[in-house]
Amino acid sequence: MAFVQFSKVSLAFGDRDILKEVSVNLQAGSKAALTGANGTGKSTLIKVMAGLVQPDDGSRSVSKDARIAYLPQSGLTHHGCTLRAECDKAFEFGYKLQKELDKIGDDLKAGNGNQKVLLERHDAILTEIENSGFNRRQATSEQILIGLGFSHEDLDKKCEEFSGGWQMRIALAKALMVNPDILLLDEPTNYLDIEAREWLEKFLNNYAGGFLLVSHDRYFLDHTINEVYELFNGDLHRYPGNFTHYEKVRETELETLIKEYEKQQEEIRHLQEFIDRFGAKATKAAQAQERQKMLDKILEHEIVIPESLKKIHFKFPQAPHSGRLVATLEKITKSYDGVHKVLDNLDLLLENGDRLVVAGHNGAGKSTLLRILAGVDSDFEGSVKLGAGVSIGYFSQDNAETLKGSSTILETIEADAPLELIPKIRDMLGAFLFRGDDVFKSLDVLSGGEKSRVALLKLLLKPVNLLILDEPTNHLDMHSKDVLLEALKDFGGTVIFVSHDRGFIEDLSTRVLELKPGKFRTFPGDYRYYMERIEREANGQEISSEQLAMSNGKGKSLSPGVQASLSPTPHSPGAGAPSPLSDSKSDARLSYEEKKKFEAEKRKAEKLVKQIEDEITKTEEEKSAEENKMANPEVYSNGEKAKAVQARISELSAKLDELNTAWEEAAMKLEEF
């Protein structure tokens with residue numbers, strides 16, 4: 001059986017121990033994850049296991065003829081040939097075996113060498129070639145490439161035409177094509193969308209060899225591995241079970257560790273106080289020296305809490321008030337080449353409190369839609385109407401490009417932070433992987449991933465009520481994603497987002513907008529329900545829009561905008577009867593007079609909603625102006641003036657409450673149409 005084995009392997013960089021007498025055994029059937037805080041040495045351990053880095057001490061054993069495939073986090077590029085030809089290089093081992101087989105055939109024909117030995121080797125090579133899948137290499141290559149998101153047209157493209165993320169997909173594809181005995185994958189999901197991650201998940205579940213992988217995707221780990229190795233302070237500990245089970249066990253261990261840590265820190269404090277107080281006094285010098293020896297001994301074995309297991313929580317600044325209707329998108333159409341429509345007559349109603357995830361394959365228009373809603377892209381047809389009081393915060397990977405200058409990370413974040421959050425800035429930076437002296441790095445020296453994290457944190461500190469997030473979890477570890485997720489759950493506004501992290505999507509989303517080229521549908525409920533719905537459709541199990549509205553155990557009726565998007569229109573191939581509220585159906589049933597009355601009532605309801613929204617906007621602006629007066633010394637230093645302004649603010653607040661109630665009633669009446 002093929003294996004890779006460590007026995008008491010140690011490695012140090014300078015005075016820092018990366019690995020301390022680490023032992024581990026990977027073999028066929030091993031399904032293991034490697035975890036630990038950033039900077040603990042996970043990538044180094046994998047490189048040692050791959051034979052790329054030599055340890056200082058200990059032994060590494062590999063079974064004879066074992067094939068090992070290693071995928072680094074980043075940095076691999078391919079050029080000079082087509083994608084098809086590049087992937088064929090993964091089968092170099094098979095070509096070598098074929099060459100040896102041909103030579104043995106020639107020797108046998110010529111009567112050279114020991115015929116019995118040659119025949120045995122000939123049979124062994126034939127068996128190895130067959131078991132390796134070499135004879136099925138073309139079909140295997142295409143299957144893996146398509147699974148990872150490449151199209152059939154991509155196969156004959158030059159490799160240099162692919163971007164950095166797709167270059168790493170090529171490298172991953174080649175590692176899988178080798179059909180190795182042991183797979184070593186360092187962050188294989190970093191550049192994969194959710195569909196490619198699901199394909200890789202199934203591949204690993206059916207994989208006969210052993211693998212060790214690093215990933216910050218909890219859902220992916222829970223569905224692929226059955227043991228976890230944690231690297232911490234150079235020590236490696238094994239935990240059987242999936243990743244969630246590991247976290248529960250580790251949390252229990254951490255509770256005990258924290259108690260011991262707090263007890264030790266108290267002892268350190270007492271000793272240090274005695275040394276500081278009496279160290280310079282001759283009468284106490286001997287005792288102070290004795291205390292110093294005790295302190296030094298404790299510090300040699302100081303307890304350290306893993307950063308990845310520290311619980312950090314923060315809340316967004318209070319979201320400004322907005323009406324129930326946050327945004328209305330009507331007939332949004334977008335084309336980049338004037339021929340192919342990425343978005344075609346898309347309608348969307350976004351309501352206060354929604355956590356809407358936009359789902360779809362690469363190229364379906366997810367990021368395009370977010371840019372349009374954020375106002376970044378104005379080159380489209382259709383309309384975007386924001387509700388009263390809506391303020392937008394938009395994040396995409398492009399935000400990082402705007403961060404330049406000599407300011408430090410700490411200075412940059414403090415400049416944007418509300419006063420009440422200043423004491424928590426260091427904790428928040430730690431949650432976003434900026435720890436210790438990292439916070440004093442200048443913006444100009446940061447990597448793209450570091451800038452992206454700074455840009456995301458800057459956005460989260462702004463008081464907005466509509467967050468538009470395009471891949472916010474990129475460049476975050478699992479702990480950082482948990483902090484972000486909890487903050488978003490507590491956020492008092494509305495969120496529309498795109499993500500490739502299945503666990504993050506499932507925990508946050510309350511609605512799903514599915515995009516396909518030129519088509520769209522919205523689904524109530526979370527992402528789990530959406531996937532169940534898609535699976536049922538794939539199996540030919542139809543569900544009506546009325547059933548869909550009451551699904552997921554919530555019994556929540558859909559708004560007309562959502563119902564319309566579920567109806568089987570040319571832009572939304574539906575799976576059930578059209579909504580009874582669709583205009584075409586109403587037109588067919590009403591007489592001419594009834595239709596005129598219906599349309600008049602509808603226009604009246606729309607006009608009322610618009611009037612109330614305008615009044616809300618006007619009142620909020622007036623209230624804001626009055627609040628600004630309170631910052632004027634001429635007002636706040638004069639008791640009578642301050643009292644009058646405050647009374648007006650209270651009056652306007654009460655008026656806003658009445659207007660919002662009236663708006664909700666008018667909006668509900670409009671929904672009846």
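These legends describe close-up views of a predicted model.

The model is predicted, so local features need pLDDT of at least 70 and side-chain atom pairs count only at pLDDT 80 or more, while totals for chains, interfaces and linings use all residues. Residues are numbered from 1 along each chain as its sequence is written, and side-chain values use heavy atoms, with hydrogens and water left out.

**View 1. Aromatic cluster around Tyr207.**
The structure holds 11 aromatic pairs. Rings of Phe, Tyr and Trp (its six-membered ring) pair if their centres lie within 6.5 Å; planes under 30 degrees apart count as stacked, over 60 as edge-to-face and the rest as tilted. The Phe203 and Tyr207 ring centres are 6.1 Å apart and the planes make 20°, so this pair is stacked. One aromatic cluster takes in Trp199, Phe203, Tyr207 and Phe211. Tyr207 has 7% relative accessibility and counts as buried (buried: under 20% relative accessible area; exposed: over 50%; partly exposed: in between; 1.4 Å probe, protein chains only).

**View 2. Charges over the rings of Phe134 and Tyr336.**
A charge sits over a ring if NZ of Lys or CZ of Arg is within 6 Å of the ring centre and within 35 degrees of the ring normal. The charged end of Arg137 sits over the Phe134 ring, 4.1 Å from its centre. For Lys334, the charged end sits over the Tyr336 ring, 4.7 Å from its centre.

**View 3. Open sheet S2-S1-S4 with helix H1.**
Helices (H or I, at least four residues) and strands (E, at least two) are DSSP runs, numbered from the N terminus. Two strands pair if DSSP finds at least two bridges between them. Here 3 strands form an open sheet with antiparallel pairing. Strands S2 (16–27) and S4 (57–62) are the edges, each pairing on one side only. From one strand to the next, the twist averages 15°. Strand S1 (residues 3–13) pairs with S4 over 5 bridges, antiparallel. Val4 stands opposite Val62 in S4. Helix H1 (residues 42–50) packs on the sheet and touches S1, S2 and S4; its direction makes about 130° with that of S1. Contact means heavy atoms within 4.5 Å. Axes are lines fitted to C-alpha atoms, for helices over the stretch in contact, and angles run from 0 to 180 degrees between N-to-C directions.

**View 4. The largest nonpolar core, with Leu183.**
A nonpolar core is a set of buried Ala, Val, Leu, Ile, Met, Phe, Trp, Tyr and Cys residues joined through side-chain atoms within 4.5 Å. This one has 49 residues; Leu83, Leu145, Leu172, Met177, Leu183 and Leu200 touch the most other members. Helix H6 (residues 164–177) gives the largest share, 8 residues. Beyond four places in sequence, the contacts of Leu183 include Ala69, Leu204, Tyr207 and Phe211. A second, separate core of 47 residues includes Phe434 and Tyr530.

**View 5. Asn352 in the loop between S11 and S12.**
The loop joins strand S11 (341–351) and strand S12 (355–359). Asn352 is partly exposed, at 35% relative accessible area. Asn352 and Arg324 are 28 residues apart in sequence, yet 5.0 Å apart C-alpha to C-alpha. Leaving out residues up to four places away, Asn352 touches Arg324, Val326 and Thr494, among others.

**View 6. Mixed sheet with helix H11.**
This open sheet of 6 strands has the order S14-S15-S16-S12-S17-S18. Strands S14 (392–395) and S18 (519–524) are its edges. Strands S15 (residues 466–470) and S16 (residues 494–498) run parallel, joined by 5 bridges. Asp470 stands opposite Val498 in S16. Helix H11 (residues 366–374) packs on the sheet, and its direction makes about 150° with that of S15.
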